[in-house]
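Please work through the exercises below with the sequence and the three-dimensional model at hand. Each task is followed by a solution in steps.

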There are 2 protein chains.
Amino acid sequence: MRSPTENATLALLLEAAAAPTPGNVDRSRDHPDLRFEQFLAGAVGANEGIAKAAAGEPVGAAFEQAVAGMGTSAGENTQFGALLLLIPLVRTAGEGPLTAENVQEVVDTTTVADAAAFYRAFEHVDVRVDDPPDDFSDLDVRRGKAAIPALEARDLTLLDVLAASADRDGVAREWTVGFERSMAIAEQLRAEDGAAPVEAGVQTPRTAVADWIARTDRLLERAARTHLWVLGTALDSLVATAHDEATARSVRDRARALLPDETTPPPTVEDREAFAQRLVEREINPGMTADLLAAGLFVALERDEVAI
Amino acid sequence: MRSPTENATLALLLEAAAAPTPGNVDRSRDHPDLRFEQFLAGAVGANEGIAKAAAGEPVGAAFEQAVAGMGTSAGENTQFGALLLLIPLVRTAGEGPLTAENVQEVVDTTTVADAAAFYRAFEHVDVRVDDPPDDFSDLDVRRGKAAIPALEARDLTLLDVLAASADRDGVAREWTVGFERSMAIAEQLRAEDGAAPVEAGVQTPRTAVADWIARTDRLLERAARTHLWVLGTALDSLVATAHDEATARSVRDRARALLPDETTPPPTVEDREAFAQRLVEREINPGMTADLLAAGLFVALERDEVAI
């Protein structure tokens with residue numbers, strides 16, 4: 001059995017390797033300014049911070065250390081959002097069963113100190129973020145640790161901070177809804193042939209997609225198919241931030257059009273590759289989708305529901 | 001700065017990802033019975049044993065733990081030989097400068113207990129090995145821990161055991177020659193444009209190969225070019241074991257024919273891919289070459305001579 005730390009590091013590596021994951025760096029595709037080996041190095045560098053979370057250290061400190069290690073090792077921000085999901089999940093798994101209730105309790109009990117560590121994490125790497133809401137301008141994460149006094153004055157926990165952007169950031173949103181999409185992705189990854197389709201957040205015809213995913217027992221291929229399902233289902237908030245919401249909607253709709261349903265067969269390898277190539281050319285990087293996939297892979301590995 | 005443990009784990013990942021590495025699983029190629037994700041999982045599973053070596057624990061115990069973790073995580077033997085090189089190198093790096101002299105001292109001071117742990121490691125995974133020399137039949141590694149009494153009766157250290165097969169096993173050989181090929185590979189990986197060619201163990205015209213490697217600053221591509229240089233230079237002892245020496249020689253000669261020299265330009269991508277494909281089809285897996293590359297990558301990373 002792998003430890004929670006090992007499963008989290010492996011989840012980062014599998015997410016990076018699964019291919020094609022349209023728009024994301026993968027086993028077969030680098031971006032001009034971000035290469036596959038940087039994701040390998042980022043996962044390795046995050047390992048110590050992840051281990052702190054597994055050992056029960058505070059979520060904020062573990063996250064900051066993981067991000068700092070990732071940035072030093074990879075030389076870039078490779079997995080910031082994935083770590084923001086993995087750290088509370090790992091902390092939960094280190095304490096007991098990895099249920100939605102238990103992870104919700106972990107995030108519910110985060111503190112102002114956790115929030116301060118989160119702000120410090122932005123000093124270690126460049127993260128692409130949106131403007132804060134109007135009533136949060138003194139708490140713009142781009143201010144880094146300079147925002148900590150405001151944070152303390154307003155007595156905001158890390159959950160409070162993330163809840164403030166939950167409607168515009170699909171990673172932050174997970175913190176407020178019991179990691180619902182991460183859990184649904186884990187279900188989808190483990191799909192067994194003929195098993196009942198999952199319920200949460202699915203807008204495409206379910207049985208056909210679940211059957212398609214279940215039709216391979218190779219985890220990297222399952223992960224890539226699941227990636228397309230997430231891309232075609234949930235609006236990628238990082239695409240909306242980096243481009244605009246119309247672009248994010250267009251990506252989702254194109255991904256959805258590739259998903260099988262009762263009348264549409266599964267996409268060919270060529271269709272999937274062409275879509276991946278198109279997103280790379282347009283420099284559209286669905287980072288939220290990748291982050292959610294890493295979290296879902298961790299949950300599935302940790303529950304021993306998928307095999308390498 | 002990455003720690004020695006992080007660099008060793010990253011070296012395993014980079015070795016697995018570099019492509020094409022003819023005959024070995026890589027970023028673009030799985031084998032029918034061994035897939036890329038198993039190498040990712042193996043590297044993650046080995047991490048704790050590697051950390052023990054970095055912390056100064058005995059080489060044998062650290063190796064056994066790394067192999068056990070690798071086997072559990074990957075479900076197969078993915079990196080046994082690479083770990084046999086990395087563990088003493090990591091132990092050395094954890095203590096001071098990573099020089100040939102210092103690693104030689106680490107292996108020179110291994111004990112009978114280290115040898116016993118090495119034999120126990122064979123209980124954790126299937127390793128392809130040759131028949132032992134005649135005077136070593138009671139010490140066949142395939143006997144696993146059953147051979148330990150004979151080991152103790154003959155008072156053999158881990159270095160003694162490996163020295164006995166150094167002439168037929170290129171990984172064991174490294175233990176007896178100050179890790180000479182691992183060090184030469186690290187030199188080749190860091191080659192700077194116009195730098196003097198490396199000296200150790202090179203049988204092909206040096207300047208042209210070193211220039212070719214130096215012509216890319218992408219580490220995974222450098223690693224793949226260096227892999228071809230090793231393959232064309234050193235007879236792969238695992239190919240000789242799994243097939244026969246004529247096959248190993250033929251692989252070396254074909255690889256050498258692809259290497260550039262004063263009159264031959266560097267191979268095209270197509271030539272390299274075709275060679276890789278040919279070896280996969282013939283089920284020829286140059287495992288020694290992969291193991292040496294992982295060791296060389298570690299040395300180069302640890303000396304901060306190559307960048308991600």
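The exercises that follow treat chain symmetry, helix packing, aromatic pairs, single residues and backbone geometry.

The model is predicted, so local features need pLDDT of at least 70 and side-chain atom pairs count only at pLDDT 80 or more, while totals for chains, interfaces and linings use all residues. Residues are numbered from 1 along each chain as its sequence is written, chains are lettered from A and ligands numbered from 1 in the order in which they are written, and side-chain values use heavy atoms, with hydrogens and water left out.

**Exercise 1. Symmetry**

Determine which relation connects chain A and chain B.

Solution. Step 1: superpose the copies by least squares on the C-alpha atoms of residues with pLDDT of at least 70 in both. Step 2: a turn of 180 degrees with a shift of 0.0 Å along the axis lays chain A on chain B with an RMSD of 0.0 Å. This is therefore the relation of a two-fold axis. Step 3: within chain A, the residue closest to the rotation axis is R27(A), whose C-alpha lies at 2.9 Å. Step 4: of the interface residues of chain A, 100% are also interface residues in chain B, so the copies meet through the same surface.

**Exercise 2. Helix packing**

Classify the packing of α3(B) with α6(B) and describe the residues in contact.

Solution. Step 1: helices (H or I, at least four residues) and strands (E, at least two) are DSSP runs, numbered from the N terminus; here α3 covers residues 59-74 and α6 residues 112-121 of chain B. Step 2: axes are lines fitted to C-alpha atoms, for helices over the stretch in contact, and angles run from 0 to 180 degrees between N-to-C directions. The two axes are 7 Å apart, at an angle of about 10 degrees. The helices therefore count as roughly parallel (angles under 35 degrees; over 145 is roughly antiparallel, 65 to 115 roughly perpendicular and the rest oblique). Step 3: with contact meaning heavy atoms within 4.5 Å, α3(B) contributes V59(B), G60(B), A61(B), F63(B), E64(B) and V67(B), and α6(B) contributes D114(B), A117(B), F118(B), R120(B) and A121(B). Step 4: these residues comprise seven nonpolar, one polar and three charged (Ala, Val, Leu, Ile, Met, Phe, Trp, Tyr, Cys and Pro count as nonpolar, Asp, Glu, Lys and Arg as charged, and the others, Gly among them, as polar).

**Exercise 3. Aromatic pairs**

State how the rings of F118(A) and F122(A) are arranged, and whether F118(A) is buried or exposed.

Solution. Step 1: rings of Phe, Tyr and Trp (its six-membered ring) pair if their centres lie within 6.5 Å; planes under 30 degrees apart count as stacked, over 60 as edge-to-face and the rest as tilted. Over all chains the structure holds 13 aromatic pairs. Step 2: one of them joins F118(A) and F122(A), with 5.0 Å between centres and 90 degrees between planes, an edge-to-face arrangement. Step 3: F118(A), at 4% relative accessibility, is buried, and so is F122(A), at 13% (buried is under 20% relative accessible area, exposed over 50%, partly exposed in between, with a 1.4 Å probe and protein chains only). Step 4: in chain B, F118(B) and F122(B) also form an edge-to-face pair, at 5.0 Å and 90 degrees. F118(B) is buried at 4%, and F122(B) is buried at 12%. Step 5: ring pairs in chain A connect F63(A), F80(A), F118(A), Y119(A) and F122(A) into a cluster.

**Exercise 4. A loop residue**

Locate D140(B) and list which residues D140(B) touches.

Solution. Step 1: D140(B) belongs to the loop between α6 and α7 (148-153) of chain B. Step 2: with 13% relative accessibility, D140(B) is buried. Step 3: leaving aside residues up to four places away in sequence, D140(B) touches Y119(B), P132(B) and A147(B).

**Exercise 5. Backbone geometry**

Identify which residues are joined by a cis peptide bond in chain A and what phi D155(A) has.

Solution. Step 1: most residues other than glycine have a negative phi, and most peptide bonds are trans. Step 2: A19(A) and P20(A) are joined by a cis peptide bond with omega of about -5 degrees; P20(A) sits in the loop between α1 (4-17) and α2 (36-54) of chain A. A cis bond also joins A19(B) and P20(B), with omega of about -5 degrees. Step 3: D155(A), not a glycine, has a positive phi of about 55 degrees. D155(A) lies in the loop between α7 (148-154) and α8 (158-164) of chain A and is exposed at 53% relative accessible area.
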